[in-house]
Amino acid sequence: MANPQHTRDRILDAAESLFFHEGITTTGVDRVAARAGVAIVTLYKHFGSKDNLLREVLSRRLLAWTRHWDDAVAAAGSPQERLLAVFDAIETFRASSGPTQWCCFLATASERPAPEAGTSDPVFELLRQDTALVTERLAELAREARCQDPAAVASSLLLLYNGVLSSLLRGAPSDPIAHARGTARLLIGSGVGATAPVQP
């Protein structure tokens with residue numbers, strides 16, 4: 001008898017590969033089921049709909065990314081290095097995630113229209129959650145690094161973070177993570193990132 005969790009993981013693996021190599025819109029659940037080696041009825045039994053499947057793929061990616069960032073922050077030797085650890089996390093996460101170049105969250109946002117005002121879209125809620133996680137954590141780490149303006153530093157690092165993800169798709173510059181890390185280091189050492197004491 002098939003292990004339900006193993007079957008679920010196979011479907012998620014197949015969906016992630018197809019959605020973010022060939023496109024979410026163009027990939028039907030029949031292709032996901034075929035890649036996973038399951039019947040379509042089995043896929044629907046586990047996920048109910050394509051949107052639910054996409055949401056679960058993104059949720060799993062968010063958890064995996066957070067673990068990589070946690071590990072990178074824990075390994076950093078100073079508050080400034082903890083702030084720069086986001087770029088180390090991109091590197092290790094990318095190495096563990098296979099050849100997918102495009103950020104799954106940015107790819108999803110690029111393919112789906114924004115929900116109308118007053119309507120709820122669980123997939124977009126995850127997109128917002130991902131953005132909030134990155135922004136709020138960068139601001140917190142900037143405060144720990146005694147940056148003068150933690151919110152401004154967080155916004156600038158978020159811009160660099162997004163630039164890295166887009167550059168990985170474009171293929172230039174050849175090492176966007178190193179470029180972004182160097183730019184972030186300069187930023188932290190500038191007036192915006194100077195070492196003013198943090199008020200409690």
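## Salt bridges and a helix pair

Let's start with Arg60, which counts as partly exposed at 25% relative accessibility (buried is under 20% relative accessible area, exposed over 50%, and partly exposed in between, using a 1.4 Å probe and protein chains only). A quick note before the exercises: this is a predicted model, where local features need pLDDT of at least 70 and side-chain atom pairs count only at pLDDT 80 or more, while totals for chains, interfaces and linings use all residues. Residues are numbered from 1 along each chain as its sequence is written, and side-chain values use heavy atoms, with hydrogens and water left out.

**Exercise 1.** Find the salt bridge between Glu16 and Arg60, and say which helices hold the two residues.

*Solution.* Step one: recall that a salt bridge is a side-chain nitrogen of Lys or Arg within 4 Å of a carboxyl oxygen of Asp or Glu. Step two: check the pair; Glu16 and Arg60 meet at 3.3 Å, N to O. Step three: place them, with Glu16 in helix H1 (residues 4–22) and Arg60 in helix H4 (residues 50–75), 44 residues apart. Helices here are DSSP runs (H or I, at least four residues), numbered from the N terminus. Step four: look at burial; Glu16 is buried, at 14% relative accessible area.

**Exercise 2.** Work out which parts of the chain Arg112 and Asp51 tie together.

*Solution.* First get the contact: the closest N and O atoms of the Arg112–Asp51 salt bridge are 2.9 Å apart. Arg112 lies in the loop between helix H6 (104–111) and helix H7 (122–144), and Asp51 in helix H4, so the bridge ties together parts 61 residues apart in sequence. Then check exposure: Arg112 is buried at 18%, whereas Asp51 is partly exposed at 36%.

**Exercise 3.** Describe the salt bridge between Glu91 and Arg181, then name the residues of the network that includes Asp13.

*Solution.* Glu91 and Arg181 are joined at 3.4 Å, N to O. Glu91 sits in helix H5 (residues 79–96) and Arg181 in helix H9 (residues 176–189), 90 residues apart. Glu91 is partly exposed at 38%, and Arg181 is buried at 16%. As for the network, salt bridges with shared partners join Asp13, Glu16, Arg60 and Arg61.

**Exercise 4.** How do H4 and H6 pack, and which residues meet?

*Solution.* Start with geometry: the angle is about 150° and the axes are 10 Å apart. That makes H4 roughly antiparallel to H6 (over 145 degrees; under 35 is roughly parallel, 65 to 115 roughly perpendicular, the rest oblique). Next, the contact (heavy atoms within 4.5 Å): Leu54, Leu58, Arg61 and Leu62 in H4 meet Cys104, Phe105 and Thr108 in H6.

How values were computed. Axes are lines fitted to C-alpha atoms, for helices over the stretch in contact, and angles run from 0 to 180 degrees between N-to-C directions.
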